[in-house]
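Work through the exercises below with the sequence and the structure open. Each task is followed by a solution in steps.

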Amino acid sequence: MSALMGQMMRMPLMISSLITHAARHHGDTEIVSKRVEGDIHRYTWADCELRSRKVAQVMARLGLQAGDRVGTLAWNGYRHMELYYGLSGSQLVCHTVNPRLFPEQIAWIINDAEDKALCVDLNLLPLVEKLLPALKAVKHVILMTDRAHMPAQTSIENLLCYEDLVEAEDGKYTWPEFDENTASSICYTSGTTGNPKGAVYSHRSTVLHAIVGAMPDAMGLSAEDVMLPVVPMFHVNAWGIPYGAAAVGCKLVMPGPHLDGKSLHDIFEAEGVTISAGVPTIWLGLLNHVSSNNLKFSTFKRTIIGGSACPPAMIDAFQDKFGVQVIHAWGMTETSPLGCVSRLKSKHRELPEAAKRKLLAKQGRAVYGVDLRIVNDHGEDLPWDGKQSGDLLVRGHWIIDSYLNVAKSPLDYGWFPTGDVSTIDADGFMQITDRSKDVIKSGGEWISSIDLENIAMGHPAVNEAAAIAVPHPKWDERPLLVVVLKPGTQATREELIGFYEGKIPKWQTPDDVVFVPELPHTATGKIQKLKLRDQFRDHKLPTV
Ligand code: AMP
């Protein structure tokens with residue numbers, strides 16, 4: 001007997017359908033961008049869709065064909081949005097490159113992806129001028145500005161002007177329909193060990209991720225919102241916000257290259273931003289600026305924080321001082337990135353506030369479309385008791401099954417090993433204790449570096465903290481706390497060590513504290529533990 005087939009229209013999940021929806025149903029809703037040129041640019045979803053069609057025409061005129069990769073080196077702005085849609089929508093692949101990586105890494109990535117063209121923001125031109133001789137496949141460089149801002153001199157032959165190209169097109173272009181599994185964009189992992197690896201997203205994965213990302217228990221994005229993604233468009237597609245924002249038709253505010261506390265607060269206030277998203281280090285800058293200048297937020301209500309563990313002290317500061325709800329989320333380049341979001345369940349409504357905060361500080365529950373497991377060293381499943389920690393494995397509709405140009409599958413019997421170590425509690429709340437390579441192993445027991453950092457961040461004088469393993473003759477490894485103090489504050493080693501009393505078992509307390517002017521960060525804002533471990537490899541612990 002053959003199964004009865006569904007009798008619904010079969011429409012492939014196309015990225016272009018997001019922008020056509022936004023243009024048709026939210027056509028007059030604004031996209032506001034702080035431009036690299038210095039001014040504010042305003043237009044609408046309808047304008048964005050029309051210009052994205054023109055971008056598709058530009059690329060065809062330059063001779064680019066289905067499947068060709070086009071690199072972007074650009075900040076969050078409307079032209080970058082047009083490239084997101086114009087490239088993917090016309091079956092090209094939008095390869096966002098992180099300009100904060102080392103130049104050699106950038107060249108390596110562009111060559112690995114075989115980008116045929118590069119679209120570059122004005123202030124990143126010097127970088128491309130330097131790199132271009134090493135870029136093997138690049139035939140066109142397009143400077144994302146207008147004629148008036150084109151440089152008088154450049155070493156790049158035939159440097160193209162984005163506005164000239166776009167204005168020359170008529171926009172008479174129909175978005176094509178094709179297989180929804182076609183590649184739409186590429187983002188490389190940060191590659192803290194070895195070369196970066198390309199995660200290749202598809203139209204299908206991107207559209208599904210956008211819909212689920214907007215759901216109430218994820219970002220909870222709606223047409224009433226004014227969303228400002230601080231997370232860069234070169235960091236896992238700005239966590240899918242350029243797509244999710246189109247799906248719901250919210251106002252979008254693009255902050256450009258300046259992400260310091262003052263620039264952010266000014267634009268939040270000027271544009272009535274209600275919701276934002278970014279990594280913890282960005283919010284440290286904003287919170288410091290707002291606190292030290294006695295400022296408030298008039299419209300800002302929610303922020304999604306992920307990319308690194310959000311310290312509970314940051315959740316408290318946002319919530320208690322400014323009435324801003326923190327939505328803690330976990331994900332990776334390989335997971336598009338949305339994996340887990342910390343949102344309460346109805347049964348948690350009656351919990352005391354402190355217990356709620358404890359849950360909200362975890363990395364959260366899997367969203368629909370993502371499944372989780374934790375396993376021990378033998379690959380055996382561990383119980384979801386919130387205590388036992390193991391290697392976190394994931395699978396789902398927007399999780400990679402292979403890397404670009406890498407033959408060996410990263411999967412472990414169909415599951416993607418994240419490299420994170422975590423617990424999962426009976427309600428499904430996942431909590432990261434460490435990156436597997438960052439765990440501190442003392443006398444055979446694991447100490448969570450994230451726990452140690454979160455506690456330190458609760459001390460009023462601590463601006464940022466990193467806990468790392470330092471070799472120890474008796475215990476193998478012991479924790480060392482590396483601290484950056486807030487400007488104008490003081491704290492001693494003894495005071496900080498004393499601060500752990502009663503908060504964790506005594507044997508987990510750091511053996512020593514060192515104070516540094518700043519911590520090294522990766523190009524995506526994570527603390528570079530590897531670098532710190534190298535730096536303090538020979539640190540003499542007082543317990544030795
Ligand atoms: P990336 O691919 O550069 O976005 O890095 C992904 C990694 O960032 C994850 O595997 C985690 O180690 C870390 N990460 C992301 N979000 C969180 C979070 N909320 N808490 C702790 N670590 C996180």
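## Exercise 1: a covered strand

Strand β5 (residues 117-120) is covered on both faces, with Ala117 and Cys119 buried on one side and Leu118 and Val120 buried on the other. The model is a predicted one. Task: find which strands pair with β5, and how they run.

Solution.

Step 1. Recall the general pattern. In a regular strand the side chains alternate between the two faces of the sheet. The split of Ala117 and Cys119 against Leu118 and Val120 can be read with that in mind.

Step 2. Take one neighbour. Strand β3 (residues 69-73) is joined to β5 by four bridges, and the two run parallel. Opposite Leu118 of β5 stands Gly71.

Step 3. Take another neighbour. Strand β6 (residues 140-143) also runs parallel to β5, again with four bridges. Here Cys119 is opposite Ile142 of β6.

Step 4. Follow the chain. From β5 it passes through helix α5 (residues 125-131) to reach β6, and this β-α-β crossover is right-handed.

## Exercise 2: the ligand shell

Task: describe the residues around the ligand, and state which polar side-chain atoms lie at 3.2 Å, 2.6 Å and 2.7 Å from its oxygen atoms.

Solution.

Step 1. Count the shell. The ligand is surrounded by 15 residues, and the closest are Ala329, Thr333, Gln363, Asp420 and Arg435.

Step 2. Sort the shell by class. Four of its residues are nonpolar, eight are polar and three are charged.

Step 3. Ask which element gives the most to the shell. Strand β14 (residues 325-331) does, with four residues.

Step 4. List the polar distances. A polar side-chain atom of Thr333 is 2.6 Å from a ligand oxygen. For Arg435, a side-chain N or O atom is 2.7 Å from an oxygen of the ligand. For His235, the corresponding distance between a side-chain N or O atom and a ligand oxygen is 3.2 Å. On its own the ligand has 490 Å² of accessible area, and the protein covers 93% of this.

## Exercise 3: a glutamate in a helix

Task: locate Glu49, decide whether it is buried or exposed, and name its side-chain partners.

Solution.

Step 1. Locate the residue. Glu49 belongs to helix α2 (residues 45-61).

Step 2. Apply the cut-off. Buried means under 20% relative accessible area. Glu49 has 8%, so it is buried.

Step 3. Find the partners. The side chain of Glu49 makes a polar contact of 2.7 Å with that of Arg53. Another polar contact, of 2.8 Å, joins the side chains of Glu49 and Trp175.

Step 4. Relate this to helix geometry. An α-helix has 3.6 residues a turn, so residues three or four places apart point the same way.

## Exercise 4: a sheet with edges

Task: give the strand order of the open sheet of nine strands and say which strands stand at its edges.

Solution.

Step 1. Write the order. It is β2-β1-β11-β10-β12-β13-β14-β15-β16, and the pairing is mixed.

Step 2. Find the edges. β2 (40-44) and β16 (365-366) each have a single partner strand, so one side of each has no neighbour in the sheet.

Step 3. Check one pair. Strands β10 (residues 226-229) and β11 (residues 251-254) run parallel and are joined by two bridges. Met227 has Leu252 in β11 as its bridge partner.

## Exercise 5: an enclosed helix

Task: explain why helix α9 (residues 241-248) is described as largely enclosed.

Solution.

Step 1. Count buried residues. Seven of the eight residues of α9 are buried, so the rest of the structure largely encloses this helix.

Step 2. Name them. The buried residues are Ile241, Pro242, Tyr243, Gly244, Ala245, Ala246 and Val248.

Step 3. Look past the end. Gly249, just after α9, has a positive phi of about 75°.

## Exercise 6: backbone details

Task: identify where Pro337, Asn158 and Asp476 are placed and what marks their backbone.

Solution.

Step 1. Take Pro337. It lies in the loop between β14 and β15 (338-341). The peptide bond from Ser336 to Pro337 is cis, with omega near 5°.

Step 2. Take Asn158. This residue is not a glycine, yet its phi is positive at about 60°. Asn158 sits in the loop between β6 and β7 (160-161), and its relative accessibility of 65% makes it exposed.

Step 3. Take Asp476. Its phi is also positive, about 80°, although Asp476 is not a glycine. Asp476 is in strand β24 (residues 476-485) and counts as exposed at 57% relative accessibility.

Notes: Residues are numbered from 1 along each chain as its sequence is written. This is a predicted model: local features need pLDDT of at least 70, side-chain atom pairs count only at pLDDT 80 or more; totals for chains, interfaces and linings use all residues. Side-chain values use heavy atoms; hydrogens and water are left out. A residue is near a molecule or strand if one of its heavy atoms lies within 4 Å of it. A polar contact is a pair of N or O atoms within 3.5 Å; within protein, one must be able to donate a hydrogen and the other to accept it, and residues adjacent in sequence count only if both atoms are side-chain atoms. Accessible areas come from the Shrake-Rupley method with a 1.4 Å probe; for residues, only the protein chains shown count as cover. Ala, Val, Leu, Ile, Met, Phe, Trp, Tyr, Cys and Pro count as nonpolar, Asp, Glu, Lys and Arg as charged, and the others, Gly among them, as polar. Buried means under 20% relative accessible area, exposed over 50%, partly exposed in between (1.4 Å probe, protein chains only). Two strands pair if DSSP finds at least two bridges between them. A crossover is right-handed if, with the strands pointing away from the viewer, the path from the first strand over the helix to the second runs clockwise.
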